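Me: I have a structure open and I'm new to it. Can we go through a few parts of it?

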Amino acid sequence: NLSALYLMGSSGSIGQSTTSDLDIWVCYNADLNDHQIQLLEAKALAISNWANDFNLEVHFFLMNAHRFNGGEQQSLTGENCGSTQHVLLLDEFYRTAQLLAGNIPAWWLVPVAHEQEYQDVVSSMYDEGYISDNNCTDFGAIAKLPAGEFIGAGMWQIYKAIDSPYKSVLKLILLEIYARQYPNISSLAHWYKSDIYRMQLSLDDLDPYVMLYRRIEEYLTEREELERLDLLRRCFYFKVGLNLSKATKSFNWRRDLMDFLVNSWGWNKATIAHLDNYRSWTIEQ
């Protein structure tokens with residue numbers, strides 16, 4: 001009944017912290033009837049409640065790839081903001097998803113240069129027997145980002161900022177970049193796939209949050225908006241949530257990568273110690 005399980009979001013990236021939740025896409029076959037889907041929803045909810053007993057926040061999203069490709073997909077919860085972010089959600093999924101079990105996304109088999117002919121390329125692969133429904137799940141292309149999604153996505157990030165202000169700042173600036181590029185948008189998912197196709201396989205460079213930061217850094221530097229860039233760096237640092245001013249003897253790849261980044265920003269020990277001591281800041285600070 002299930003074709004694939006994917007873990008998406010910050011999991012496995014430098015942006016994952018002890019407070020991060022787990023977002024899991026549960027892809028089910030199109031032939032499931034309403035009663036079977038309801039049973040699947042009940043099971044997913046039961047697992048979420050069980051995980052909550054361990055202080056682990058897990059969200060399951062029941063996905064029918066055929067309906068999602070047609071823009072009709074409904075989520076199990078409101079965590080992905082419903083239908084207001086169809087293509088933007090797909091952009092995030094393709095650049096962060098990790099395959100837990102089942103089919104690979106068909107999108108990975110189509111080079112970025114052929115994204116505009118995505119459906120023709122995938123159809124020919126099906127016709128020639130290179131792929132089938134038994135080994136690929138097709139959520140569709142991200143050839144175009146509809147203008148109508150930006151307002152809904154922006155409002156959603158403002159709402160999410162109540163609980164996750166630093167992550168929302170990063171995502172709002174990315175939305176700004178996409179909106180300024182419209183209609184010829186070069187999405188982060190395309191950057192990600194292009195790097196892998198060119199065999200640029202450094203895990204640090206392919207980290208979804210590092211790629212997000214690099215894209216925003218490039219944008220703000222080009223516009224000479226250095227105050228916003230400084231704000232972005234502080235938000236990124238707080239989102240990662242590592243206390244770099246506190247010495248540690250154990251190896252931590254997240255810490256090593258964050259050390260490299262803050263050194264490239266020219267931050268000194270006093271700056272880092274000040275940020276790590278934010279709980280003691282005055283109201284003005």
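Me: Which side chain does the side chain of serine 245 make a polar contact with at 2.6 Å?
Reply: The side chain of aspartate 276. Keep in mind that this is a predicted model.

Me: What about the polar contact of 2.8 Å, which side chain does serine 245 reach there?
Reply: That one joins serine 245 to the side chain of asparagine 243.

Me: Where does serine 245 lie?
Reply: In a loop, with α10 (226–240) on one side and α11 (253–264) on the other.

Me: Leaving aside neighbours within four places in sequence, what is serine 245 in contact with?
Reply: Ile272, Ala273 and Asp276. Asp276 is also the partner in the 2.6 Å polar contact.

Me: Why does serine 245 count as partly exposed?
Reply: Because its relative accessibility is 42%, and partly exposed covers the range between under 20%, which is buried, and over 50%, which is exposed.

Me: And how are serine 245 and isoleucine 158 placed, in space and along the chain?
Reply: Their C-alpha atoms are separated by 31 Å, and the two residues are 87 apart along the chain.

Me: New topic, the sheet. What is the order of its strands?
Reply: β3-β2-β1-β4, in an open sheet of 4 strands with mixed pairing. The edges are β3 (58–63) and β4 (98–102), each of which pairs on one side only. From one strand to the next, the twist averages 20°.

Me: What holds paired strands together in general?
Reply: Backbone hydrogen bonds, with the strands either parallel or antiparallel.

Me: In which sense do β1 and β2 pair?
Reply: Antiparallel, over 6 bridges, with β1 covering residues 2–8 and β2 covering residues 22–28. As one example, leucine 5 has valine 26 in β2 as its bridge partner.

Me: Which strands does helix α1 lie across?
Reply: β1, β2 and β3. Helix α1 spans residues 34–52 and runs at about 165° to β3.

Me: And helix α3, which strands does that lie across?
Reply: β1, β2 and β4. Helix α3, residues 86–96, runs at about 85° to β1.

Me: Last thing, empty space. How many cavities of 30 Å³ or more are there?
Reply: The count is 1. The largest cavity holds about 40 Å³ of space.

Me: Which residues line the largest cavity?
Reply: Ile142, Ala143, Lys144 and Leu145, along with Pro183, Ile185, Ser187 and His190.

Notes
Residues are numbered from 1 along each chain as its sequence is written. This is a predicted model: local features need pLDDT of at least 70, side-chain atom pairs count only at pLDDT 80 or more; totals for chains, interfaces and linings use all residues. Side-chain values use heavy atoms; hydrogens and water are left out. Helices (H or I, at least four residues) and strands (E, at least two) are DSSP runs, numbered from the N terminus. Buried means under 20% relative accessible area, exposed over 50%, partly exposed in between (1.4 Å probe, protein chains only). Contact means heavy atoms within 4.5 Å. A polar contact is a pair of N or O atoms within 3.5 Å; within protein, one must be able to donate a hydrogen and the other to accept it, and residues adjacent in sequence count only if both atoms are side-chain atoms. Two strands pair if DSSP finds at least two bridges between them. Axes are lines fitted to C-alpha atoms, for helices over the stretch in contact, and angles run from 0 to 180 degrees between N-to-C directions. On a 1 Å grid over the protein atoms alone, a cavity is a set of points where a 1.4 Å probe fits but cannot get out, and a pocket is an open set with protein on both sides within 12 Å along at least five of seven lines; lining residues have an atom within 4 Å of a point. Grid points are joined across faces, edges and corners, and a volume is the space filled by probe spheres set on the points.
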